[in-house]
Amino acid sequence: MKVRLENLTKEFEEVTAVNKATIEFEEGKLTGLLGPSGCGKSTTLYLIAGLFRATSGSIFFDNVDVTKLMPEKRGIGLVFQNYALYPHMTAEQNIMFPLINQKVPKKEAKERAKKMAQLVHIEELLNRKPGQMSGGQQQRVAIARALVKEPRILLLDEPLSNLDARLRLEMREEIKRIQRETGVTTIFVTHDQEEAMSISDQIVIMKDGFLQQVATPREMYDDPVNQFVAKFLGNPPINLINTKITNGVINVEGLVFDVKSKDDMDVVIGIRPEAFMLDSKSPVQVDVQTYEY
C-alpha cells in the first residue's frame, strides 16, 4: 500500500504543526520520519492514522482518498510510544484484542495471535501480563497486536525511545526484520538520526512543520538539500565553513579546490569529520585538543 500526502496541513490554534507537506511513502518500504522535537513528525503520523483531522490537504492510500475516513476504517496498525498494552490482560489476550473486536471466532483469533507471537519471538511469553515483561518484550507484544489484524500500513511512534541503549540496537534490527518478513508498508517516527539511518529504506526529514528532504539514507547523507539536513545527520556533526569561489576555485586554509561555477560568490562548504586524513605535508595545521574512541 502506497501512502501519498498532498499539501497536508494541520493547525492547532496559532501553531501550524504540519505545513503543506507533499510526501510519497513507497509501498512495502520502511520509512523513517525524522526531525527534532516539535518538527511535526508525530502529527504527520497521527494524520495518516486518522487520529488528527487535517486542516487542509489530502491523504491517499494508493489512489483512495482517506482524508476524512475514520481511523478504524483505514486498515492501519499503530504502535504508541508507551505501547498502550492492557495491564490486566496477558500478552495473548492483548494480541487477540483487535480480532475479538472484529468478531473473529476465538479459535481463529488464538491461532493468529500465536502466529504473530512467533513472528516477533515472544511465543513463550503469551501467558504473561505486561507487568511481568521487560520493555522490549512489551514492545514486541504491541507490534504483534498491531500486525495481527493484517493492516495495510504499520505506524510506529518513537518505538524505541523507552528502551536502554543495548535493547534499542537489538529492537531496531528486529523491527527491520519483521517489516521485511511481512512486507507491510511501515512508517516510524524518530528523533534519532542513527536509528533512522540504520534501518530505513527512505527518510523523510522535517523542521518546524516543513518538509526538508525525502531520500534514501545514503543520498541524504551524501547530498543534503540544505544546511539543516547536513547538520542534523552525522555524528560528530558536519563541519560548515564560510568561504568564497574566486576565479573558479575555492581556497580553504591553503587547500585549493576546483569548482564548476565560474561566477565569484560567497559559499558554505561542508566537510564530514571522516573525510579528514592526517597528512604531515598538508598546508592546514591544527592543534589536537582532545580525542576519544
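Which strands does helix H1 lie across, and at about what angle does it run to E1?

1. **Helix H1 over the first sheet.** This is a predicted model. Helix H1 spans residues 41–49. H1 lies across E1, E2 and strand E4 (56–61), and runs at about 115° to E1.

2. **The sheet under H1.** The open sheet has 4 strands, ordered E2-E1-E4-E5, with antiparallel pairing. Its edge strands are E2 (15–25) and E5 (64–65), each of which pairs on one side only. Strand E1 covers residues 3–12, and 7 bridges join E1 to E2 in the antiparallel sense. One residue pair to check on screen is Leu8 with its bridge partner in E2, Ala21. In general, strands of a sheet pair through backbone hydrogen bonds, either parallel or antiparallel.

3. **Overall picture.** The protein has 8 helices and 14 strands. Along the principal axes, the C-alpha atoms fill a box of roughly 75 × 45 × 35 Å. Of the 293 residues, 47% are buried. Take the contacts with a separation of 6 or more: 63% of them join residues 24 or more positions apart.

4. **Strand E3, covered on both faces.** E3 runs from residue 30 to residue 34, and 5 of its 5 residues are buried. Leu30, Gly32 and Leu34 are on one side. Thr31 and Leu33 are on the other. Both faces are covered.

5. **Partners of E3.** Strand E8 (residues 185–190) pairs with E3 in the parallel sense over 5 bridges. Within that pairing, Thr31 has Ile187 of E8 as its bridge partner. Strand E9 (residues 202–207) also runs parallel to E3, joined by 4 bridges. There the bridge partner of Leu33 is Val204.

6. **Ala215.** Is Ala215 buried or exposed? Ala215 has a relative accessible area of 9%, so it counts as buried, the cut-off being under 20%. The residue is found in strand E10 (residues 210–215). Leaving out residues up to four places away in sequence, Ala215 touches Gln202, Ile203 and Met220. Ile205 is 10 residues from Ala215 in sequence, and the two C-alpha atoms are 8.9 Å apart.

7. **Helix H2.** The buried residues of H2 are Ala91, Glu92, Asn94, Ile95, Met96, Pro98 and Leu99. An α-helix has 3.6 residues a turn, so residues three or four places apart point the same way. The buried residues of H2 pack against helix H3 (106–119) and H4. After H2 comes Lys103, with a positive phi near 65°.

8. **The cavity.** How many cavities of 30 Å³ or more does a search of the whole structure find? The search finds 1. The largest cavity holds about 40 Å³ of space. Its lining consists of Ile143, Leu154, Leu156, Ile175, Ile178, Gln179 and Thr186. Strand E7 (153–157) and helix H5 (165–182) are the elements that give two or more residues to this lining. H5 supplies the largest share, 3 residues. By class, the cavity lining has 5 nonpolar residues, 2 polar and no charged.

9. **The largest pocket.** About 1200 Å³ of space lies in the largest pocket. It is lined by 25 residues, and the closest to its centre are Pro273, Phe276, Met277, Leu278 and Val286. Strands E11 (239–246) and E13 (255–258) each supply at least two lining residues. The lining divides into 16 nonpolar, 5 polar and 4 charged residues.

10. **The second largest pocket.** Its volume is about 600 Å³. Of its 20 lining residues, Glu72, Ile76, Leu78, Pro98 and Lys149 lie nearest the centre. Pro98 is also among the buried residues of H2. Strand E6 (76–79), helix H2 (91–101) and helix H4 (135–147) each give at least two residues to this lining. The classes here are 13 nonpolar, 3 polar and 4 charged.

Technical notes
Residues numbered from 1 in each chain as written. Predicted model: local features only at pLDDT ≥ 70, side-chain atom pairs only at ≥ 80, totals over all residues. Heavy atoms only, no water. 1 Å grid on protein atoms, 1.4 Å probe; cavity = no way out; pocket = protein on both sides within 12 Å on 5 of 7 lines; lining within 4 Å. Points joined across faces, edges and corners; volume = space filled by probe spheres on them. Nonpolar A, V, L, I, M, F, W, Y, C, P; charged D, E, K, R; others polar. Pairing = 2+ DSSP bridges. Contact = heavy atoms within 4.5 Å. Axes fitted to C-alpha atoms, helices over the stretch in contact; angles between N-to-C directions. Buried < 20%, exposed > 50% of the residue type's maximum accessible area, 1.4 Å probe, protein only.
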